[in-house]
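Me: I'm new to this structure and would love a close look at one part of it. Could you walk me through a group of paired charged side chains and where they sit?

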Amino acid sequence: MFKNLTIKQRLVAVIGILSVLLVAVGAAGIAGMHHANSSLEEVYQQRVLRMAQLDSMYALITKNQASVAESVTGQLTAFPEEVAEVDKRLPLVRAEIARIEEIWKSFSGSVITPEGQKLSETFDEARRRYGREGLVPALAALSAHDFQQAGEIFQGPMRETFVPLRASVEALIQHQQAMTKQDYETAMSVYASIRAAVVAAVIAGIAVAFALGFFMIRAIVRPLDEAVRVADAVAAGDLTQNVNASSNDEIGRLMRAMQHMNESLSETIRRVRTGTDAISVASSEIATGNADLSSRTESQASSLEETASSMEELTSTVKQN
């Protein structure tokens with residue numbers, strides 16, 4: 001297939017293949033970065049924010065527990081200024097209860113695992129029981145300045161319901177920590193896979209580049225070496241070289257042109273040799289003719305000398321008579 005391509009087309013094909021490999025490696029890297037970004041976003045949205053919400057609820061619940069404890073400590077009925085302090089504290093506790101409810105609605109709507117859903121239901125039940133049996137009655141007693149009843153509620157139902165509430169919050173926090181660790185391990189596994197894929201793609205790209213370069217050099221250098229060999233032979237006077245042009249690229253056309261040149265030179269030399277042979281034959285014939293003419297001339301001269309001698313003898317005889 002490559003023999004039918006020109007060098008220009010081969011270079012374009014090599015550049016195209018290498019460009020595709022670069023794009024593939026770049027795309028793999030971008031995909032890895034996108035996945036890493038998505039993983040980080042998921043960890044932030046599903047884990048970090050949820051952990052912060054749980055911590056906030058736990059802190060608010062503990063703060064409310066401490067506020068009620070401070071309100072029922074001592075004989076507050078004997079100190080009007082402390083009663084006023086309790087009255088100021090109660091709206092803050094109710095605001096924090098509303099804040100806990102708001103945070104819980106946001107948190108419960110984002111639970112996606114069955115285990116997390118189960119733990120959330122346990123926490124919600126413990127939270128409602130804590131409010132229903134402990135916190136709300138204690139706040140009502142404090143609002144009525146019935147500190148004795150508030151103290152009894154705090155020492156009884158509030159403490160009893162606070163223990164499972166705290167345990168359920170801690171269970172949710174541990175679950176979020178476990179899920180965060182799992183997400184981290186998953187992200188690391190994906191990162192390792194993407195890294196291996198990118199490294200493999202880079203190695204494959206280098207191997208393909210070397211292979212293409214090797215075949216390109218071989219396809220160009222070997223015919224050029226053959227062309228140089230034929231040219232040197234022709235320059236040395238050897239016109240019997242057989243030029244093998246097996247490709248259709250520029251070098252193949254060069255080899256065929258050299259073959260035609262070789263054939264043309266051979267034909268020209270053959271014609272020159274034929275003309276030289278003809279001239280040699282003609283020269284030989286002319287030399288033979290000249291030799292024959294010279295021989296005839298000498299023969300005629302000899303005959304003339306004999307005739308002259310005979311004439312002299314005849315003249316002498318005539319004179320004597």
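Reply: Arg128 and Asp124 are a good place to start: they are 4 residues apart in helix H3, so about one helical turn separates them. In general, an α-helix has 3.6 residues a turn, so residues three or four places apart point the same way. In this predicted model, Arg128 and Asp124 form a salt bridge, with their closest N and O atoms 3.1 Å apart. Asp124 has a relative accessible area of 16%, so it counts as buried, while Arg128, at 46%, is partly exposed.

Right beside Arg128 in the numbering comes Arg127, whose side chain meets that of Glu101 in a salt bridge of 2.6 Å, N to O. Arg127 lies in helix H3 (residues 114–143) and Glu101 in helix H2, so this pair ties together parts that are 26 residues apart in sequence. Arg127 is buried, at 11% relative accessibility, and Glu101 is partly exposed, at 26%.

Put together, Glu101, Asp124, Arg127 and Arg128 are linked in a network of salt bridges.

Helix H2 also takes part in another pairing. Glu70 forms a salt bridge with Arg89, their closest N and O atoms being 3.7 Å apart. Here Glu70 belongs to helix H1 (residues 7–72) and Arg89 to helix H2 (residues 80–108), and the two are 19 residues apart. Arg89 counts as buried, at 17% relative accessibility. Across the model, the count comes to 7 salt bridges.

Definitions and conventions. Residues are numbered from 1 along each chain as its sequence is written. This is a predicted model: local features need pLDDT of at least 70, side-chain atom pairs count only at pLDDT 80 or more; totals for chains, interfaces and linings use all residues. Side-chain values use heavy atoms; hydrogens and water are left out. A salt bridge is a side-chain nitrogen of Lys or Arg within 4 Å of a carboxyl oxygen of Asp or Glu. Buried means under 20% relative accessible area, exposed over 50%, partly exposed in between (1.4 Å probe, protein chains only).
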